[in-house]
Amino acid sequence: MRIRVLDRYILRELASPYAFGCALFTFFLLIDRIYHLTDLVITKGVPFGLVAQLLAFTLPSFLAHTLPMALLVAVLLAGGRLAGDLEVVAFKSAGISVLRLFRPVLVASLVVSLATGAFTLVLTPLANGEFQRQLFRILQSRAVSGLQERVFNGMFGDVIIYVEDVSASQVALRGLLVSDERDPRISRIITAREGRLLSDEINQRITLRMINGAVNEADVIAATPPPEVLTTAKASTSGGAAGGDRYRHTNFRIYDLSLAVDAASRGRRESRNPGRT
């Protein structure tokens, strides 16, 4: 039996379980990510092509784990089959040592080690960077196209935005009313004549720039529940309204407000038409 034939034979025995194990382990690691990415297509209306690109950018980080795991499974399955069919005994009878049988396995291990190192040190950092940039582009497009006229838009978490008029290019905003509820101790209402949505792809940040407006701030007074509510064991004093003890009115020409990109990715939206009851 020639050496080349023996090597090819053992590599063929490893190939099938290796491919199966690699696909199975990768699917198990991707299944949670697939669920969230599918939610982007179904409920958020993100194009399937963009979501498929996000999925492709996540593969290198998972393959760095699944490649060596699949090789271990392939060696165990192929070695078990060769031993179960007494082929190892036949190789020994032909004068081939057990150590000689491990030579193609060592070659396959070296190739998988080099591939794993390439995925870990080179491809995964590049893919993670592209994943973040692609995700920011999706959030940026949703932030611009998601703002509707004369509707309270809550896609940015605790920042509620009302826009009187949106230009056809969806760049210029006119008649803005913003309720900044990120600090529960301060009631902050911002009004502006005009506004722009600015995107910083390098720092992955979306900024609402408001022009010619005013900021109205007041301390929040905690709500006092009725006496019968205070007698219960689980009484809560959360909530409240703006008080008049300290009030500040500030005019501005330009006011930049950073918007929460992670809130836009969750897609939390509370919209109410003020013209309806």
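Is arginine 81 buried, partly exposed or exposed? Arginine 81 is partly exposed, with a relative accessible area of 29%. This residue serves as a reference point later in the tour, which proceeds through a predicted model.

**The whole chain**

Begin by displaying the entire chain as a cartoon. The chain contains seven helices and six strands. Followed along the sequence, these elements occur in the order α-α-α-α-α-β-β-β-β-β-α-β-α.

Next, colour the residues by accessibility. Of the 277 residues in the chain, 33% are buried. If the surface is switched on, the accessible area comes to about 17000 Å², and carbon and sulfur atoms contribute 61% of that area. Among contacts with a separation of 6 or more, 64% are made by residues 24 or more positions apart.

**Helix H1 and its nonpolar patch**

Select helix H1, which covers residues 3-42. Then show the side chains of Phe20, Leu24, Phe27, Phe28 and Ile31. Together these residues make a nonpolar surface patch of about 520 Å².

Centre the view on phenylalanine 27, which belongs to helix H1. How large is its relative accessible area? The value for phenylalanine 27 is 44%. Because this value lies between the limits of 20% for buried and 50% for exposed, phenylalanine 27 counts as partly exposed.

**From helix H1 to helix H2**

The next topic is salt bridges. Side chains of opposite charge can pair when their charged atoms come close. The structure holds twelve salt bridges.

Select glutamate 13 and arginine 81 together. They form a salt bridge in which the closest N and O atoms are 2.8 Å apart. Glutamate 13 sits in helix H1 and arginine 81 in helix H2, residues 48-84. The pair therefore links distant parts of the chain, since the two residues are 68 residues apart. Arginine 81 is the partly exposed residue with which the tour opened.

**A pair within helix H5**

Move to helix H5, residues 103-146, and select glutamate 130 and arginine 133. Their side chains meet in a salt bridge, with a distance of 2.9 Å from N to O. Why are these two residues separated by about one helical turn? The reason is that glutamate 130 and arginine 133 are three residues apart in helix H5. Glutamate 130 is partly exposed at 31% relative accessible area, and arginine 133 is likewise partly exposed at 31%.

**The loop after helix H5**

Continue along the sequence to arginine 150. This residue lies in the loop between helix H5 and strand E1, residues 152-156. Inspect the backbone here: arginine 150 has a positive phi of about 55 degrees although it is not a glycine. The relative accessibility of arginine 150 is 48%, which makes this residue partly exposed.

**Strands E2, E3 and E4**

Select strand E2 (residues 159-166) and strand E3 (residues 172-180). The two strands run antiparallel and are joined by seven bridges. To see one bridge, show valine 166 and its partner in E3, leucine 173.

Now add strand E4, residues 186-200. How many bridges join E3 to E4? There are eight, and these strands also run antiparallel. Leucine 176 stands opposite alanine 192 in E4. E3 and E4 form a hairpin, with five residues between them.

Keep this region in view and select Asp180, Arg182, Arg188, Glu217 and Arg248. These residues are linked in a network of salt bridges.

**Strands E5 and E6**

Select strand E5, residues 205-222, and find asparagine 212 within it. The phi of asparagine 212 is near 55 degrees, a positive value in a residue other than glycine. Asparagine 212 is partly exposed, with a relative accessible area of 38%.

For the last stop, select arginine 209 and aspartate 256. They form a salt bridge whose closest N and O atoms are 2.8 Å apart. Arginine 209 lies in strand E5 and aspartate 256 in strand E6 (residues 240-259), so the pair ties together parts that are 47 residues apart in sequence. Both partners can be examined at the surface settings used earlier: arginine 209 is partly exposed at 31% relative accessible area, and aspartate 256 is partly exposed at 41%.

Definitions and conventions: Residues are numbered from 1 along each chain as its sequence is written. This is a predicted model: local features need pLDDT of at least 70, side-chain atom pairs count only at pLDDT 80 or more; totals for chains, interfaces and linings use all residues. Side-chain values use heavy atoms; hydrogens and water are left out. Patches are made of residues with over 30% relative accessible area and no salt bridge: like charges are joined within 9 Å, nonpolar side chains (Val, Leu, Ile, Met, Phe, Trp, Tyr) within 5 Å. Accessible areas come from the Shrake-Rupley method with a 1.4 Å probe; for residues, only the protein chains shown count as cover. A salt bridge is a side-chain nitrogen of Lys or Arg within 4 Å of a carboxyl oxygen of Asp or Glu. Helices (H or I, at least four residues) and strands (E, at least two) are DSSP runs, numbered from the N terminus. Buried means under 20% relative accessible area, exposed over 50%, partly exposed in between (1.4 Å probe, protein chains only). Contact means heavy atoms within 4.5 Å. Two strands pair if DSSP finds at least two bridges between them.
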